Amino acid sequence: MNILVTGGLGYIGSHVVVCLVENGYDVIILDNLSNSDISVLSKLEKITNRKLNFKEIDLGIEDHVKDFFKKNTNIEGIIHFAALKSVGESVRKPNKYFQNNLNATINILKYMPEKVPFVFSSSCTVYGSAMKQPINESTPHGIAESPYGKTKQLCEKLINKKFFESKNFKGISLRYFNPIGAHQSGLIGENPKNIPENLMPYLTQVVGGRRKVLTIFGDDYDTKDGTCIRDYIHIMDLAEAHIKAIDYLINIKVTKFLEFLNIGTGIGVSVLELVKTFEKSTGLKVNYSIGKRRPGDIEKAYAQTNKAKQILGWKPKYTLTNALKSAWNWEKKSLI
Ligand code: NAD
Ligand code: WQD
């Protein structure tokens, strides 16, 4: 079966492409390379031992998307990753985020064939600053912490109101918590084009010598050691959740279906715990210092995950140690 993977050369999309091929799917990758590099394609071909179908397309351009679906009538499933994801940049350039993330999603939904299974990359950011932990899927959308977060909330609303309610539509919106780590080959991983905003790539770049010091943003939160709590999920577990989601949608008999599912481990880990676990599992020192709180950071966010387990039969297999070792393996290889 042919699965269209938008944003398939990015961090999460590339890992999902590997899993799709391993599970017997054919893939068509669309990406405009705004936050990825074409070299990822040959790495994917090396890992999968397969020539892959890639088209450079900006999904924000309506005519290009229309034309793509006119010429490619054999799409049997869609996993839509393509979006801009830098929270900080979205605060500085909100219009760029609203235009890119919303237009790409609207164009795909508008021109894709009806009833084709659709998996959307959503985020725990839709909950805003949820008070109650762990966060379950019926927690309402809170106030978005950033324009980026707002684009995810709006895309979920669009999918629900404009497409699910008015058409035959089968979709799952996966709300990822904090994906970290890399494929075991060390050939693909998280490689942001600019200075990393996220903890994991920043930490590995400090240890690898690309950056001097990791600033831990605040140690005066109301948590076990004063640093923020998050739910870090191994990228290969996250990738597996997409396979389960697309399999599920392909196999259900109903013509209308929509679910929103948390994808996390359910385990809250503090920033200091993550740093210490990294040091223990790699034997390497992390040069860090405690700094001020980062504006907009929430104190705690970790998932309740039983809905994904119930519906998809998915649960994470990897530990935090596995994820941290794989992140370091990727950073090490990219230094060679
Ligand atoms: P990424 O930036 O590595 O990958 C996104 C890919 O989409 C990039 O290759 C980029 O070039 C492409 N893209 C962006 N806009 C495009 C457009 N208009 N047309 C075509 N291609 C376009 O990001 P990622 O971490 O792999 O995230 C994938 C998805 O998951 C995004 O939707 C993101 O918002 C969501 N998400 C990510 C995280 C995370 O922490 N990484 C957490 C929750 C949700
Ligand atoms: C994790 C923890 C920081 C960097 C982001 C997006 C969210 C979603 C998930 C996409 C926090 C601390 C970080 C550093 C630090 N993504 N930190 N020093 O903030 O949970 O969420 O990713 O949808 O929308 O906002 O992830 O990796 O930035 O931070 O101390 O240099 O690490 O304060 O507690 P976050 P993160």
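**Exercise 1. The surroundings of ligand 2**

Task: Establish how far a polar side-chain atom of asparagine 178 lies from an oxygen atom of ligand 2, and describe the shell around ligand 2 by class.

Solution.
Step 1. In this predicted model, the distance from a polar side-chain atom of asparagine 178 to an oxygen atom of ligand 2 is 2.9 Å.
Step 2. Arginine 294 likewise places a polar side-chain atom 2.9 Å from an oxygen atom of ligand 2.
Step 3. For aspartate 297, the separation between a polar side-chain atom and an oxygen atom of ligand 2 is 2.5 Å.
Step 4. Ligand 2 taken alone exposes 680 Å², of which the protein buries 88%.
Step 5. The ligand is surrounded by 18 residues, and Ser123, Tyr148, Thr215, Arg230 and Asp297 are the closest.
Step 6. Strand S8 (residues 214–217) supplies the largest share of this shell, four residues.
Step 7. Classified by residue type, the shell around ligand 2 contains nine nonpolar, five polar and four charged residues.

**Exercise 2. The surroundings of ligand 1**

Task: Determine which elements give two or more residues to the shell around ligand 1, and what percentage of the area of ligand 1 the protein buries.

Solution.
Step 1. Ligand 1 is surrounded by 28 residues; the closest are Ile12, Asp31, Ser36, Phe81 and Tyr148.
Step 2. Backbone atoms take part in the polar surroundings: a polar backbone atom of glycine 10 is 3.4 Å from an oxygen atom of ligand 1, and a backbone N or O atom of serine 34 is 3.0 Å from an oxygen atom of ligand 1.
Step 3. Asparagine 35 contributes a polar side-chain atom, 2.8 Å from an oxygen atom of ligand 1.
Step 4. The area exposed by ligand 1 taken alone is 820 Å², and the protein buries 96% of it.
Step 5. Two or more shell residues come from each of helix H1 (11–22), strand S5 (118–123) and helix H6 (147–164).
Step 6. S5 provides the largest share, three residues.
Step 7. By class, the shell around ligand 1 comprises 13 nonpolar, eleven polar and four charged residues.

**Exercise 3. A buried acidic residue**

Task: Identify the side chain that makes a polar contact of 2.6 Å with the side chain of aspartate 231.

Solution.
Step 1. Aspartate 231 occupies the loop between strand S9 (229–230) and strand S10 (232–234).
Step 2. Aspartate 231 is buried and has no salt bridge.
Step 3. The nearest side chain of opposite charge belongs to arginine 230, 10 Å away, whereas a salt bridge requires a separation within 4 Å.
Step 4. The polar contact of 2.6 Å joins the side chain of aspartate 231 to that of threonine 265.

**Exercise 4. Salt bridges and exposure**

Task: State how many salt bridges are counted, and for the partners lysine 51 and glutamate 45 decide whether glutamate 45 is buried or exposed.

Solution.
Step 1. The count is 18 salt bridges.
Step 2. In the pair of lysine 51 and glutamate 45, the closest N and O atoms are 3.4 Å apart.
Step 3. Lysine 51 is exposed because its relative accessible area is 72%, over the 50% cut-off.
Step 4. Glutamate 45 has a relative accessibility of 17% and therefore counts as buried, the limit being under 20%.
Step 5. Glutamate 273 and lysine 224 form a salt bridge with an N to O distance of 3.2 Å. This pair links distant parts of the chain, 49 residues apart: glutamate 273 is in helix H9 (residues 271–282) and lysine 224 in the loop between S8 and S9.
Step 6. Glutamate 273 counts as partly exposed at 29% relative accessibility, while lysine 224 is exposed at 57%.

Methods. Residues numbered from 1 in each chain as written. Chains lettered and ligands numbered in written order. Predicted model: local features only at pLDDT ≥ 70, side-chain atom pairs only at ≥ 80, totals over all residues. Heavy atoms only, no water. Near = heavy atom within 4 Å. Polar contact = N/O pair within 3.5 Å; in protein donor to acceptor, adjacent residues only side chain to side chain. Areas by Shrake-Rupley, 256 points an atom, 1.4 Å probe, with all protein chains shown as cover. Nonpolar A, V, L, I, M, F, W, Y, C, P; charged D, E, K, R; others polar. Buried < 20%, exposed > 50% of the residue type's maximum accessible area, 1.4 Å probe, protein only. Lys, Arg positive; Asp, Glu negative; His and termini not counted.
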